[in-house]
Amino acid sequence: MRKPVIAGNWKMYKTVSESVETALALKPLVANANHCDVVIAPVFTSLKTVCDRLEGSNIKVAAQDCSTEVKEGAHTGEVAAFMIRDVGASHVIIGHSERRQYYAETDAHVNKKVQAALQSGLIAIMCVGETLEQREAGLAQDIVSGQLIGGLAGLTPVDLDRIIVAYEPVWAIGTGRTATPEQAQEMHAFIRRVFADRHSQAAANALRILYGGSVKPDNIAGLMAQGDIDGALVGGASLQAESFAQIVNYRA
Ligand code: PEP
């Protein structure tokens, strides 16, 4: 049985006090959510305070990125995975399409970040997904399998249970346009097959694959009803505690 994960990506929103306010508002709303792992990803500046304020709760905290560099050093502006672990976070989002699009992240960068995250004891939520042009050109599966294979190159079987894959079609992120449950299911099943071919059927069966792209309280149940959808990575609708809690509590 794969335990679902509902993760909120707060992107570059919220000051420290706003982050704490949202996190504390969320806490009682998801306190009984034992059916899934609940994760929120504030900006770096809020990470430690949010981790401290959520200590002992069932909400886990993620960073939105980490450095390709494993060790500390002269890398201005970077934050190493072990530093993220040090403040109490357990997860890190890697290879989000906004980073690929606006900061020229390649699969090679993503792979180094995944390796750094795992070496530091973090769980990596690695994002993959095609653009609209790629989908319309019939390239969606090629793009996604390339990102998957490139991003996860060189991992050992032991590493695999600390990997979560998020399928986020770029055309559905922040656009209000969601993939249909069937479109998402088709790609999730494909990702699981690629993973089985690269690694093992057992590892593929255990892999949690999240869907991301305009997930809202009113479409989460349809997505979660699909056999290969194991949760969601939520952007806009995670910024308010109430709407994120409704997504977390989709079964209620
Ligand atoms: C995201 O940022 O990962 C995301 C899926 O955003 P949204 O839910 O706003 O489309």
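H96 is buried in this predicted model, with a relative accessible area of 5%. The residue sits in the loop between strand 4 and helix 4. What does the side chain of H96 meet there in the way of a polar contact? Its partner is the side chain of N9, at 3.4 Å. Leaving aside neighbours within four places in sequence, the residues in contact with H96 are N9, K11, C127, E168 and I173.

One of those names, C127, leads us to the nonpolar cores. C127 belongs to a core of 13 residues that also includes I93, I123 and L210. This core lies apart from the largest one, which has 71 residues. Which members of the largest core touch the most others? They are I6, I40, V114, I163, I191 and Y211. Helix 8, spanning residues 181-198, supplies the largest share of this core, with 7 residues.

I40 is a good place to zoom in. Beyond its neighbours within four places in sequence, I40 is in contact with G8, W10, A23, L26, V50, L54, I59, K60, V61, A62 and F244.

V114, another of the core members with the most contacts to other members, is one of the buried residues of helix 5. The others are V110, N111, K113, A116, A117 and L118. Helix 5 covers residues 107-119, 13 residues in total, and its span from first to last C-alpha is 18 Å, close to the 18 Å expected at 1.5 Å a residue. What do its buried residues pack against? The list takes in helix 3 (81-86), helix 4 (97-102) and helix 7 (140-151), along with strand 4 (91-94), strand 5 (123-128) and strand 6 (163-167). Just past the end of helix 5, G121 has a positive phi of about 85°.

Now for some backbone angles to look at in your viewer. Most residues other than glycine have a negative phi. K14 and S214 are set out below with their positive values.

| Residue | Phi | Loop | Relative accessibility |
|---|---|---|---|
| K14 | about 85° | between strand 1 (5-9) and helix 1 (16-29) | 21%, partly exposed |
| S214 | near 55° | between strand 7 (208-212) and helix 10 (220-224) | 11%, buried |

Why does K14 count as partly exposed and S214 as buried? Buried means under 20% relative accessible area; K14 is at 21%, so it counts as partly exposed, whereas S214 is at 11% and therefore counts as buried. By the same cut-off, H96 is buried because its value is 5%.

Terms used: Residues numbered from 1 in each chain as written. Predicted model: local features only at pLDDT ≥ 70, side-chain atom pairs only at ≥ 80, totals over all residues. Heavy atoms only, no water. Core = buried A, V, L, I, M, F, W, Y, C linked by side-chain atoms within 4.5 Å. Buried < 20%, exposed > 50% of the residue type's maximum accessible area, 1.4 Å probe, protein only. Helix = DSSP H or I, 4+ residues; strand = E, 2+ residues; numbered from the N terminus. Contact = heavy atoms within 4.5 Å. Expected span 1.5 Å × (residues − 1). Polar contact = N/O pair within 3.5 Å; in protein donor to acceptor, adjacent residues only side chain to side chain.
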